[in-house]
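Work through the exercises below with the structure open. Each task is followed by a solution in steps.

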Amino acid sequence: MSCIHVVHKKDRESSVKTTISSFNYSTLCKRFLWLAGIVLLGIGCASEFPESAPNQPNIIIIYADDVGYGDISAYGAEQIQTPHIDRLAEQGVRFTNAYASSAMCTPSRYSLLTGRYAFRLENAGILSAEDPLLIDPESSTLPDILGNAGYATSIVGKWHLGLGSPGEAIDWNGSIAPGPLEVGFDESFIVPVTNDRVPTVYIQGHRVYQLSQADDSLEIVYPKEGHHDYQEEHFGEGKQTETNAPQPLVGNLPSGHTHPEKLRYPADAQHSGTIVNGISRIGYMAGGSSAWWDDEQMSTVLVDKSRQFVEQHKDQPFFLYLSLTKNHVPRLPNRKFRGKSGSGLRGDAVVELDWVVGQVTKMLKERNLYENTLVIFTSDNGPVFYDGYEDGALTDHNGHDPSGPFSGGKYVAYEGGTRMPTIVSWPKKARKGVVSDAMISQVDMLSSLAAVSGAQIPEDYQHDSQNLLPVLLGKQQQGRKQLVQQSSDGLALRRGKWKYMPAAERSDWAYNRHNKGDTPLNTEPLTNQRYLFNLQDDTAETDNLVEQESKMADSLHNELNDIINRYTVDPQ
Ligand code: NG6
Ligand code: CA
């Protein structure tokens, strides 16, 4: 019998909801009791309790948004230079076969934090601010497991995994829960959804950050399904007049429809809601204006909040999930990065992202934490030029190819959608300057980081995560044998050099985005048929071998079905 005991969250967390500022005292008390229990148990089996405990590294995941394999100079970008990220690669392991579990944000983030493929959960699509928390507070998560091993845990940045309970509308002026604190984080400072969606406010702990009592009540409304098609049809380009513009669904603040003259750049119908900082967003918002964020300051704010967390917890192991909003639309890089990439606003935003990585490294070095901090840099899904805003990305790219050697990008099943730049650095233990072609998925972070922290995942927790710690540290080359990729084209299975996609309904919308204008992301849409690609000889996935290699295709088809049928996750 193992003497390492991990207490399930359901045993650990009570219904106490009192939160002071951003700090989760409930979790802290539970954790203290848990650790006290371990000490007592440890009397009987001291040797088996995380022997690595004194060496537990700090862990920081720097998660970029919509940043592609080819956006980073260590991965071959020439127009855009990312010296701080490249430096991380020189100091650690750079992966060439690392994957987000999905080509969209919400499912990738779900997998990263739960170790589960998001396709197992029916409603893990791209969420709005009106969608409830996607992760069951009763289930295991990365912050939960690391917390059990004695880590202080925090998320700073983009959440996009839903907030509140199903069927209950959120009061944005009151306590906003459940959310990150209920799935294992001790502290949270989040961008609730995406930076193109209302509400454009940060949430610290359970409360909107810097919301003033003097403000009008903060309210939001998202257009319902079909609304955008209707708008496009009736008010689309060239059809809108001053008198027929759709009116806001809440409040009367200027929107992209009613006040296009106030915009820094035009947007499509979906992104033509309330205007904040000269940018119209998805959805309508009223009130709470003292809390609205300043897009151009966002990276600085997130760095400051990260620094505060690290400073407070530097004497114990900590886990920081630093979830950045670069390079998601709307692209509003800080003035000091404008024009720095020679590749338009999109490129400038990557330069800003690189600056953030430099700030994190500096912060660690100044506190003598760099050597024993395991930093993972990666992205949630592939790149896109046009994603609803005419911000010049389609014309200013200067030949920059953000998905590098791969086809496609965000949303789609081609490798550009999920093959991510991924760097792991831990100067004390990881190898330096190694390039690894081992296959890994972000779904593996749960098991791998549990292993490095000395914690165990509860035995009854069903997941898809593999412990690839030696691979992450560059000490072993053998990664996963196979992995599943999710996208708007359905599921795909990669095994070794092969990639298989079953026949599926595939829609054109994502390809229409990639094929707008003349850019390196122009992509041949996948049709509804089956596909089999040999990625070793055909990186760009242009040669469908499903007929020639039908046995291989059938065998991968069955393998994918077996994985799909292993288990499902019920919505909470
Ligand atoms: C889409 C938005 C897009 C982006 C995306 C989420 C379209 C037409 N609109 O609905 O702008 O916000 O959601 O991106 O694509 S993600 O990276 O967070 O998944
Ligand atoms: Ca994203």
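A residue counts as buried under 20% relative accessible area, as exposed over 50%, and as partly exposed in between. The model used here is predicted.

**Exercise 1. Classify Asn398 and Gln210 by relative accessibility, and find what is unusual about phi in each.**

Step 1. Asn398 has a relative accessibility of 49%, so it counts as partly exposed.

Step 2. Gln210 has 54%, so it counts as exposed.

Step 3. Asn398 is placed in the loop between helix 9 and helix 10 (415–418). Gln210 sits in the loop between strand 6 (207–208) and strand 7 (219–221).

Step 4. The phi of Asn398 is positive, near 60°, in a residue other than glycine. Gln210 is not a glycine either, and its phi is positive at about 60°.

**Exercise 2. Apply the cut-offs to Glu182, Arg530 and Gln442, and locate each residue.**

Step 1. Glu182 has 12% relative accessibility and so counts as buried. Its place is in the loop between strand 3 (152–158) and strand 4 (187–191). A polar atom of the Glu182 side chain lies 2.7 Å from the backbone nitrogen of Gly179.

Step 2. Arg530 has a relative accessible area of 25%, so this residue is partly exposed. Arg530 belongs to the loop between helix 13 (509–514) and strand 18 (531–534). From C-alpha to C-alpha, Arg530 and Arg346 are 34 Å apart in space, and they are 184 residues apart in sequence.

Step 3. Gln442 has a relative accessible area of 3% and is therefore buried. The loop that holds Gln442 runs between strand 14 (434–441) and helix 11 (445–453). Gln442 and Pro166 are 276 residues apart in sequence and 27 Å apart from C-alpha to C-alpha.

**Exercise 3. Describe the site of the calcium ion (ligand 2): which residues are its protein donors, and how are they spaced in sequence?**

Step 1. List the donors. They are Asp65 (OD), Asp66 (OD), Asp380 (OD), Asp380 (OD) and Asn381 (OD1), and they lie 2.2 to 2.8 Å from the ion.

Step 2. Look at the angles. Among the six donor atoms of the calcium ion they run from 50 to 170°, and the site is irregular. For comparison, ideal angles for six octahedral donors are 90 or 180 degrees.

Step 3. Read the spacing. The donor residues follow the pattern D-D-x313-D-N. The pair Asp66 and Asn381 links distant parts of the chain, 315 residues apart. Asp66 is in the loop between strand 1 (58–64) and helix 3 (83–90), and Asn381 is in the loop between strand 12 (373–379) and helix 9 (393–396).

Step 4. Check burial. Both Asp66 and Asn381 are buried.

**Exercise 4. Find the residues closest to ligand 1 and state how much of the ligand the protein buries.**

Step 1. Ligand 1 is surrounded by 18 residues, and the closest are Cys105, Asp196, Arg197, Gln270 and Lys410.

Step 2. Take the polar pairs one by one. A nitrogen atom of ligand 1 is 2.6 Å from a polar side-chain atom of Gln270. An N or O atom in the side chain of Lys410 is 2.8 Å from an oxygen atom of the ligand. For the side chain of His328, the distance from an N or O atom to an oxygen atom of ligand 1 is 2.9 Å.

Step 3. Turn to the surface. Ligand 1 taken alone exposes 450 Å², and the protein buries 92% of that.

**Exercise 5. How many aromatic pairs are there in the whole structure, and how are the rings of Phe337 and Trp355 arranged?**

Step 1. A search of the whole structure gives 17 aromatic pairs.

Step 2. The ring centres of Phe337 and Trp355 are 5.7 Å apart and the planes meet at 55°, so this pair is tilted.

Step 3. Phe337 lies in the loop between strand 11 (318–323) and helix 8 (344–366), while Trp355 lies in helix 8, so the pair ties together parts that are 18 residues apart in sequence. Phe337 and Trp355 are both buried.

Step 4. Ring pairs also link Tyr63, Trp159, Phe185, Phe319 and Tyr321 into a cluster.

**Exercise 6. Locate the cis peptide bonds at Pro199 and Asn327.**

Step 1. The bond from Val198 to Pro199 is cis, with omega near 0°. Pro199 is in the loop between strand 4 and strand 5 (203–204).

Step 2. Lys326 and Asn327 are joined by a cis peptide bond with omega of about 20°. Asn327 is in the loop between strand 11 and helix 8.

Terms used
Residues numbered from 1 in each chain as written. Chains lettered and ligands numbered in written order. Predicted model: local features only at pLDDT ≥ 70, side-chain atom pairs only at ≥ 80, totals over all residues. Heavy atoms only, no water. Donors = N, O, S within 2.8 Å, 3.2 Å for Na, K, Ca; no water. Tetrahedral: all angles 85-135°; square planar, octahedral: opposite > 155°, others 65-115°. Helix = DSSP H or I, 4+ residues; strand = E, 2+ residues; numbered from the N terminus. Buried < 20%, exposed > 50% of the residue type's maximum accessible area, 1.4 Å probe, protein only. Near = heavy atom within 4 Å. Polar contact = N/O pair within 3.5 Å; in protein donor to acceptor, adjacent residues only side chain to side chain. Areas by Shrake-Rupley, 256 points an atom, 1.4 Å probe, with all protein chains shown as cover. Phe/Tyr/Trp six-rings, centres within 6.5 Å; stacked < 30°, edge-to-face > 60°.
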